[in-house]
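Have the chains open in your viewer and keep a finger on the residue numbers. Let's take a walk through some helices, a contact between chains and a sheet.

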Amino acid sequence: MKKTLTVRDIVIAGVLGAVAILLGVTRLGYIPVPTAAGNATIMHIPAIIGGIMQGPIVGLIVGAIFGISSFLNATVPLFKDPMVAILPRLFIGVVAWLVYVGIRRKSEYLAVGAAAFIGTLTNTVLVLTMAVVRNYMTAGVAWTVGLTNGIPEAIVGTIVTLAVVLAWKQLGKSQKSKISKDL
Amino acid sequence: MSNEFEISRNITIGQYVPTGSFIHRLDPRIKLLSFVVLVLAIALNTSYLGNAVGLVLSLFLFWASKIPISYGLSGVKPAIPFIIILALLQLLFQGQLFSGGTVYVDYGFILITSESIRLVIVSAVRFIEIIFLSSVLTLSTSTTEMTHSIQSLLSPLKKIHFPVHEISLITTISIRFVPTFAIEMEKMMKAQASRGADFGTGGWWRIIQRTKEMFPIIIPLFNIALSRAEDLILAMESRCYTPGGDRTSYSVYKAAGKDYLILVVGLLFAVLLLFYPFPF
Amino acid sequence: MPARPIIEIENLSHTYMKGTPMEHVALKGTNLYVEEGECIAIIGHTGSGKSTLIQHFNGLMRPESGKVIIDGEDLSQKKVNLKTLRQKVGLVFQNPEDQIFEKIIGDDIAYGPFKLGLPLKEVRERVKWAMEVVGLDFEEMKDRQTFALSGGQKRKVALAGILALKPKILVLDEPTAGLDPKSRKELLGKIKVLNKEEKLTVVFVSHNMEEVAMLADRVYVMADGTDVLSGTPKEIFTDKEKLQRHQIGTPETVKILYRLSDLGYKVKTDAFSIHEAAEEIMKVLAGTKEVSNYVK
């Protein structure tokens with residue numbers, strides 16, 4: 001692991017932090033799919049992308065920015081608690097990086113997808129764990145929320161992260177346009 | 001209806017309300033430090049009396065900042081339904097975990113005890129305390145003051161090679177770019193709507209389709225952000241910015257006697273909330 | 001009886017953030033009309049309300065007070081079918097290349113038509129037509145990746161994406177801003193073709209007076225949220241006094257002709273198209289032997 005932050009690390013962490021804040025303060029961060037909460041959040045995705053692109057420190061910093069922003073903007077008691085809003089978010093990017101680095105040799109696609117999937121689950125699991133620890137809900141409720149919210153959210157997170165990272169890294173098999181299909 | 005796409009104008013980040021109060025004039029570092037300590041102390045206190053002290057303290061600070069009360073209430077109002085739902089859930093389902101104290105109701109799986117009622121009330125009050133405290137901090141401190149304070153407060157960590165300056169630069173970049181990206185996003189949503197995009201038309205259960213409907217906004221958002229980053233990297237490197245270099249600050253804060261006094265008072269309250277055995 | 005204008009704006013006003021300390025009046029009592037098949041330019045300084053105005057054309061903004069009637073449909077009514085409206089009025093934003101999000105050119109242009117629910121065959125025909133109008137070879141380009149394109153090509157793709165909706169009215173916000181001279185000229189040519197040959201009604205915002213002089217049938221000048229001046233480019237650019245009052249730039253050709261006329265040469269100062277201006281200058285040169293010798 002490198003010791004100091006490069007200019008690139010600093011700037012990428014900064015802009016991804018801005019995206020995380022923006023997704024949090026607008027409705028852009030919520031994708032309306034069936035979950036217990038009524039939508040899946042994608043606000044944690046900048047942290048995952050930070051981890052994948054620039055390593056664990058950037059992932060951690062973007063996660064922290066996301067956490068602090070979610071704490072300051074919270075309108076529900078659960079997230080007005082720094083133990084729930086900030087602490088778990090620090091791990092999202094770090095875990096995503098670990099997964100990505102572990103799989104990267106096999107396949108870039110798989111690594112990005114898996115990092116997003118597991119990074120999203122990290123968010124869900126840790127937030128719910130803290131919610132239980134801090135007595136906002138019982139373990140039973142947390143399990144229900146975890147399954148009904150966590151799985152769709154992880155799917156959404158994977159699709160979005162893959163699309164963004166592949167578009168940015170300009171990866172992609174050469175394929176044909178939809179309109180080139182035979183009639 | 002005409003506000004359908006108005007994102008940038010509705011974002012209130014770094015919503016500084018200058019009233020020139022005593023709180024506004026405090027050294028921002030002292031303010032931030034006291035805030036962090038008090039929030040942690042409040043978050044960990046579970047007694048009625050302790051939270052009453054916290055509530056009085058946070059309302060007092062809000063009053064002292066001379067910020068119109070509507071700003072504080074605007075944080076609480078939208079949360080009322082959530083507070084009620086949380087209270088009901090806790091009351092109905094958390095009883096088993098808090099079976100201590102007097103039992104009031106014991107019906108099937110529902111167990112309401114004096115301890116579970118305490119949990120309900122304390123969570124709600126704690127929420128209100130933190131809303132008011134964070135409103136005081138964010139409404140009385142400009143974002144520049146905030147980032148400078150973070151840098152200054154973390155500076156002792158330089159000794160263990162913690163990248164203090166870099167962290168504060170990251171914070172500055174983040175706050176700086178939120179409005180820029182908001183404007184870009186607004187433009188993007190309008191542009192995509194102009195070519196027929198509409199969001200949320202796929203079946204509700206079709207997760208993948210629903211997600212893909214957001215692509216016309218989300219992908220350009222990240223693309224714009226990352227290409228802005230490339231420009232900024234180039235600009236910084238061509239001006240020979242080196243991370244970790246020694247640098248001086250344009251604005252220097254100097255804490256005066258009253259600032260230290262406030263800090264001591266803040267710390268005393270925090271210690272009180274954390275360690276004093278409140279009788280109830 | 002003359003046909004009704006395709007765009008009618010009557011006494012339109014809009015205030016952002018009404019009732020807050022950040023209130024900002026963007027439009028106050030603007031009037032404008034566009035006849036079918038016309039090419040209209042809107043000029044004015046930054047903040048004069050041009051962008052707010054054109055966003056009313058396709059219902060991105062709804063009239064706060066005043067009237068917006070597009071092709072006979074009154075947008076101040078509650079029930080407006082925005083989808084058909086936006087299909088009818090193609091609005092191309094500034095730097096439209098930013099909005100490209102699909103990986104493949106063909107897919108990005110086909111996004112709108114697919115959203116309209118058209119069958120594949122029809123979509124393909126529209127994409128082909130749109131690509132050819134903007135000057136992209138359909139067979140060669142449709143399966144290429146979008147990121148490999150140059151800025152000018154990307155803008156063509158974005159324009160094609162709007163054209164594929166087959167709008168009756170094309171609205172462009174600073175279509176050539178940031179383009180190199182060659183791409184600029186090419187794009188202006190395409191807009192002219194769309195207006196003259198494909199019979200689209202065109203409204204465009206511009207800061208470039210040469211462009212306005214070259215393309216527009218009529219010009220509206222916006223200042224402080226209202227239309228202060230309108231007329232043919234000839235009327236606008238030859239009214240020296242009003243131009244100065246509203247601090248509007250003039251095409252270089254007009255400037256040269258005015259300077260010649262100030263120096264006492266007899267030139268027609270309303271000959272502002274490059275061709276006419278060149279002729280006028282040639283006349284002056286022919287009339288003054290010394291000058292032509294001097295130039296040599």
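Right after helix H7 (139-168) of chain A comes Gln170(A), whose phi is positive, near 55°. Helices here are DSSP runs of H or I with at least four residues, strands are runs of E with at least two, and both are numbered from the N terminus. H7(A) also bends by about 30° at Gly150(A), with a proline, Pro152(A), following within four residues. That bend is the angle between axes fitted to the seven residues ending at a residue and the seven starting there.

A quick note on the model: it is predicted, so local features need pLDDT of at least 70, side-chain atom pairs count only at pLDDT 80 or more, and totals for chains, interfaces and linings use all residues. Residues are numbered from 1 along each chain as its sequence is written, while chains are lettered from A and ligands numbered from 1 in the order in which they are written.

Now for where chains A and B touch. The contact takes 49 residues from chain A and 61 residues from chain B; being in contact means that C-beta atoms, placed from the backbone, lie within 7 Å. On chain A's side, helices H1 (7-25), H3 (56-73), H4 (82-85) and H7 (139-168) each supply at least two residues. H1(A) gives the largest share, 15 residues.

Over in chain B, look at helix H7 (residues 143-154). Its 12 residues should span 16 Å at 1.5 Å a residue, and the end C-alpha atoms are 17 Å apart, which agrees. (The expected span is 1.5 Å times one less than the number of residues.) Its buried residues include Glu145(B), Met146(B) and His148(B), where buried means that 20 or more other C-beta atoms, placed from the backbone, lie within 10 Å of a residue's own. Helices H2 (28-44) and H8 (164-194) of chain B are among what covers them.

Chain C brings a sheet. Six strands make an open, mixed one in the order E6-E7-E8-E3-E9-E10. E6 (89-92) and E10 (226-231) stand at the edges with a single partner strand each, so one side of each has no neighbour in the sheet. Strands pair if DSSP finds at least two bridges between them. Here are two of the pairs:

| Strands (chain C) | Sense | Bridges | Residues opposite each other |
|---|---|---|---|
| E3 (39-44) and E9 (218-223) | parallel | five bridges | Ala41(C) and Val219(C) |
| E6 and E7 (169-173) | parallel | four bridges | Val92(C) and Leu172(C) |

Which residues of E6(C) are buried? Val89(C) and Leu91(C) on one side, plus Gly90(C) and Val92(C) on the other, so to speak both faces covered.

Key. Contact = placed C-beta atoms within 7 Å. Buried ≥ 20, exposed ≤ 12 C-beta atoms within 10 Å, placed from the backbone.
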